[in-house]
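Got your viewer open? Load the structure below, pick a cartoon view, and keep the selection box handy.

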Amino acid sequence: MTAERDTTRIVRSWLRADEHESADRVLLSVLARLDATPQRRSVWPARRFASMNRVTQVSIAAAAVLVVAVLGINLLPRLAGTGAQSPAPTARASAGTSPMQSIAAAPTQPPAMPTSGSVPTGRYTWSGPTDAITLRVQPGWTAIGGGAALAIHAATSQEVTFDSWFPDSAHEVTRVYADACQSNGALVHVGPSPENLVTALVNQAGTDVVAGTRGSITSGTILSGQPVQRVVVTASPGLDLASCDIGGLQIWANTAETGFLALRPNYSAVVWIIDVGGERLIFTSVRGPEADPDDIGLADGLVASMKVVP
């Protein structure tokens, strides 16, 4: 097929490229409010007095007048420039916010991953058409592929890359090569679940696959406890990659065969497959034959830092 020949040509080329009222009115107003306002039931029963003598009644009346007088004074308008100070506002008033405004705002989503160049240390967002995750990037990474991937020592034997393959995107993984070496015409459809993809990789000719390693993302992240499939892909022992259709291995391709996972001789790949709400999220890391173990650890750290954007 022509498309297959074009894909082969593209892959071969790639492999070779290195967030004031009166007191009476005040009293009436208070009494009316008391009559009209439902009162909270006391936890303890209210104490009742059967009778009161005259002296007691007069004393209570005098006390009531005093309370009303104080209320009236306090209700008088305050005059500016008298030198009197207003009572200090409470902490809630000083905040100048309504009860609804006092609710903590949702944290701001981290910025999108840079599209190129060295990526400063920090948390970034990777988004697909229907899903998004955030992850923390440590020093050393460079954005490549328009921000769809990261790399350390790109196009060298020390290379370590980290790629995203979001569902419903141009890089969605839908087909796997039945034979990674003799790949022309060998693309087969793969189902939507993580298990479907793992099975297809295990059955792939030309590769040696260590699969079924189940684990969970580091505790403390939103993905904590989420099942993860981790698959390691290398060439089959003794396989002469020079005899392969592209001089290397083709693992999978997107529907348009414009995005693919391929391995140069002596390279390996680690695939993380995560089921989030029925969506299969895939991340890969390709490692060169002389990749530094610390750089490989940085790739593992990206996965450990992941959080799903609700």
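Here is a short walk from the whole chain down to a single serine.

**Stop 1: the whole thing.** Keep in mind that you are looking at a predicted model. Colour by secondary structure and you should find six helices and 15 strands. The protein has 310 residues, and 34% of them count as buried. Switch on a surface if you like: the accessible area comes to about 18500 Å², with 56% of that belonging to carbon and sulfur atoms.

**Stop 2: a four-stranded sheet.** Now select β8, β7, β11 and β12, which in that order make up an open sheet with antiparallel pairing. At the edges sit β8 (187-189) and β12 (260-263), each pairing on one side only. Look along the sheet for the twist, which averages 20 degrees from one strand to the next. In general, strands of a sheet pair through backbone hydrogen bonds.

Zoom in on β7 (residues 175-177) and β11 (residues 249-253), an antiparallel couple joined by two bridges. Click V176 and look across to β11, where its bridge partner is W252.

**Stop 3: the disulfide.** Show cysteine side chains as sticks. How many disulfides does a search of the whole structure find? The search turns up one, formed by C181 and C244 with their sulfur atoms 2.1 Å apart. The link is left-handed, at -105 degrees about the S-S bond. Trace the chain either way and you'll see that the pair links distant parts of it: C181 is in the loop between β7 and β8, while C244 is in the loop between β10 (227-235) and β11, 63 residues apart.

Are these two cysteines buried or exposed? C181 has a relative accessible area of 4%, so it counts as buried. C244 is also at 4% relative accessibility and counts as buried.

**Stop 4: S183.** Stay in the loop between β7 and β8 and select S183. S183 counts as buried because its relative accessible area is 1%, and the cut-off for buried is under 20%. Measure from the S183 C-alpha to that of C244: the two are 7.8 Å apart in space, though 61 residues apart in sequence.

Which residues does S183 touch, leaving out those up to four places away in sequence? Show Y177, D245 and Q250 to see them. Finish on Q250, whose side chain is joined to that of S183 by a polar contact of 2.7 Å.

Methods: Residues numbered from 1 in each chain as written. Predicted model: local features only at pLDDT ≥ 70, side-chain atom pairs only at ≥ 80, totals over all residues. Heavy atoms only, no water. Pairing = 2+ DSSP bridges. Axes fitted to C-alpha atoms, helices over the stretch in contact; angles between N-to-C directions. Buried < 20%, exposed > 50% of the residue type's maximum accessible area, 1.4 Å probe, protein only. Areas by Shrake-Rupley, 256 points an atom, 1.4 Å probe, with all protein chains shown as cover. Contact = heavy atoms within 4.5 Å. Polar contact = N/O pair within 3.5 Å; in protein donor to acceptor, adjacent residues only side chain to side chain. Disulfide = S-S within 2.5 Å.
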